[in-house]
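I opened a new page for this chain and wrote down what I wanted to look up. The entries below are kept in the order in which I worked.

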Amino acid sequence: MNKLTVKDLDLKGKKVLIRVDFNVPLDDKLNITDDRRITEAVATIDYVLKQGAAKVILMSHLGRPEGQVVENQRLAPVGKRLEKLLSQKVLCTKDCVGPEVKKAIELSQEKVILLENLRFHKAETKNDPEFAKQLASLADVFVNDAFGTSHRAHASTHGVTQYLKSAAGFLLEKEINYLGKAIDNPARPFVIILGGAKVSDKIALIENMLPKVNAIIIGGGMAYTFLKSQGKEIGTSLLEADKVSVAKDLLEKAQKANVKIELSRDFVVVKDFKNPAELKIVKDIEPGWSGVDIGPETRKAFKAVLSTAKTIVWNGPVGVFEVKEYSDGTRELAEYVSSLKGVTSIVGGGDTAAAVAKFNCEAGMTHISTGGGASLELLEGKVLPGIAALTDKK
Ligand code: AMP
């Protein structure tokens with residue numbers, strides 16, 4: 001990476017502003033139900049403290065308060081969890097900018113400070129320069145460790161970099177290294193697995209990855225638009241009618257580029273989504289039936305392609321994995337990919353990461369991205385503004 005990383009910074013005696021992703025799920029009683037995003041931020045925080053930083057000032061958003069103070073989206077529960085993980089006190093400020101926050105930081109006995117939810121201010125998502133300047137004025141240097149929001153040009157990911165020397169934290173660096181290497185210099189054969197609900201979300205990705213991959217496996221809801229483009233009956237399965245010709249075009253492009261496309265060939269179908277008891281496995285979908293998972297023959301064919309791969313990137317579940325009766329395809333695939341040895345397996349964030357976690361297959365994967373949207377945009381070949389804005393290495 002040609003950007004400064006936290007290791008390139010002289011941190012001794014410095015006030016260090018770190019953008020972290022503490023957007024964790026909370027239950028009704030404000031208990032954190034999954035603290036992975038906090039535990040993953042600890043490496044950078046620990047390192048900065050060990051380097052003798054005067055203060056570590058953490059900032060994050062939580063939920064979508066859309067510019068208003070929402071009581072149950074305060075970061076206080078995160079602060080408590082962080083205290084336990086760091087074994088030291090954390091000062092949670094009442095706001096993220098303003099003279100009172102500045103004063104609280106100056107007077108603080110605590111080395112670690114957690115600013116209140118950035119998105120209590122509309123200025124954050126608007127990338128307002130004045131707001132960014134106020135955030136930057138709290139510190140001497142800036143570290144971005146929030147990969148999951150780096151595809152957004154917000155004040156805390158982009159604006160602040162205009163005022164402070166800016167470097168990548170360990171988590172951000174890890175994401176760029178894994179995903180970047182897979183995209184630019186993968187061990188081959190390189191196979192991507194695509195699933196999820198919509199073709200429209202994956203068109204740019206397929207266009208960008210076609211010249212780089214050896215095979216693309218397509219399952220999930222998006223497969224039916226491709227099957228329709230081949231003239232197949234898909235019953236009432238998910239269809240984006242306005243994308244049928246795009247799908248046809250992509251299949252032709254893949255053929256020209258010598259990229260193998262492996263599409264679902266048998267299906268778990270139901271008549272009524274809410275009635276899993278009537279499900280059956282078919283090769284040809286009849287009118288009135290809807291595909292909710294890949295069938296056993298497809299699972300076998302997908303595994304055969306994957307068995308030859310040296311790099312696998314997976315984005316999108318291959319069935320409605322949230323419903324037990326429709327989850328076997330995604331579970332089997334997760335178990336298979338995680339069992340492969342000598343393979344770099346990268347899981348895009350979001351639903352795919354949730355599926356892999358649900359089926360207890362996390363340990364066998366090489367890398368699970370913390371950013372669904374951000375990893376998708378990297379695979380689409382887009383420049384992520386929060387990364388592009390970091391200071392270049394000399
Ligand atoms: P996405 O947000 O595009 O990654 O889509 C993820 C969602 O796609 C998950 O919630 C799955 O339940 C859904 N999904 C996967 N396969 C199917 C299918 N065959 N029919 C309907 N939804 C599906």
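What follows are my notes on domains, cores, pockets, a cavity and a few single residues.

**Entry 1: the model and its domains**

I noted before anything else that this is a predicted model. I looked up the domain assignment and found domain 1, residues 6-173, and domain 2, residues 186-379. I then checked how far apart the C-alpha centres of domain 1 and domain 2 are, and the distance is 36 Å. The contact between them takes eight residues from domain 1 and 10 residues from domain 2.

**Entry 2: the nonpolar cores**

I asked which residues touch the most other members of the largest nonpolar core. They are Leu17, Leu115, Leu135, Ile216 and Phe226, in a core of 66 residues. Helix H6, residues 170-184, gives the most to this core, with five residues. I also asked why this core is placed between domain 1 and domain 2. Both domains give residues to the core, so it lies between them.

I picked Leu115 and listed its contacts, leaving aside neighbours within four places in sequence. The list holds Leu17, Ile57, Leu58, Met59, Leu75, Thr93, Asp95, Cys96, Val101, Ile105, Leu135 and Leu138. Leu17 and Leu135, which are on that list, also appear with Leu115 among the residues that touch the most other core members.

Leaving Leu115 and its contacts, I found another core of 30 residues that lies apart from the largest one. Its members include Val6, Ile18, Leu86 and Val112.

**Entry 3: the largest pocket**

I looked up the volume of the largest pocket, which is about 990 Å³. Its lining has 38 residues, and Asp21, Asn23, Arg37, Gly148 and Thr370 lie nearest its centre. The elements that give two or more residues to this lining are helix H1 (36-50), helix H4 (122-125), helix H12 (350-358), strand E15 (367-368) and helix H13 (372-379). H12 gives the most, with four residues.

I sorted the lining by class and got seven nonpolar, 19 polar and 12 charged residues. Domain 1 and domain 2 both give residues to the lining, so the largest pocket lies between them.

**Entry 4: the second largest pocket**

The second largest pocket has a volume of about 600 Å³. I found 36 residues in its lining, with Gly196, Ala197, Lys198, Pro317 and Asp351 closest to its centre. E12, H12 and H13 are the elements that give two or more residues to this lining. By class, the lining has 10 nonpolar, 18 polar and eight charged residues.

**Entry 5: the cavity**

How many cavities of 30 Å³ or more does a search of the whole structure find? I found one. The largest cavity has a volume of about 50 Å³. It is lined by Val20, Asp21, Arg37, Ala41, Asp145, Phe147, Gly148, Leu171 and Thr370. By class, I count four nonpolar, two polar and three charged residues in that lining. Asp21, Arg37, Gly148 and Thr370 were already in my notes, since they line the cavity and are also listed as lying nearest the centre of the largest pocket.

**Entry 6: backbone angles**

I reminded myself that most residues other than glycine have a negative phi, and most peptide bonds are trans. I then looked for exceptions.

- The peptide bond from Arg188 to Pro189 is cis, with omega near 0°. Pro189 lies in the loop between H6 and strand E7 (190-194).
- Glu66 is not a glycine, yet has a positive phi of about 50°. Glu66 is in the loop between strand E2 (55-59) and helix H2 (76-86).
- Ser87 has a positive phi too, near 55°. Ser87 is in the loop between H2 and strand E3 (90-92).

Are these two residues, Glu66 and Ser87, buried or exposed? Glu66 has 59% relative accessibility, so it counts as exposed. Ser87 has 65%, so it counts as exposed as well.

**Entry 7: Gly291**

My last look was at Gly291, which lies in strand E12, residues 290-294. Gly291 counts as buried because its relative accessibility is 13%, and the cut-off for buried is under 20%. Leaving aside neighbours within four places in sequence, Gly291 is in contact with Tyr224, Ser237, Val268 and Val269. I also noted Tyr326, which is 35 residues from Gly291 along the chain, with 9.4 Å between their C-alpha atoms.

Technical notes:
Residues numbered from 1 in each chain as written. Predicted model: local features only at pLDDT ≥ 70, side-chain atom pairs only at ≥ 80, totals over all residues. Heavy atoms only, no water. Core = buried A, V, L, I, M, F, W, Y, C linked by side-chain atoms within 4.5 Å. Buried < 20%, exposed > 50% of the residue type's maximum accessible area, 1.4 Å probe, protein only. Domains from an automatic or database assignment. Contact = heavy atoms within 4.5 Å. 1 Å grid on protein atoms, 1.4 Å probe; cavity = no way out; pocket = protein on both sides within 12 Å on 5 of 7 lines; lining within 4 Å. Points joined across faces, edges and corners; volume = space filled by probe spheres on them. Nonpolar A, V, L, I, M, F, W, Y, C, P; charged D, E, K, R; others polar.
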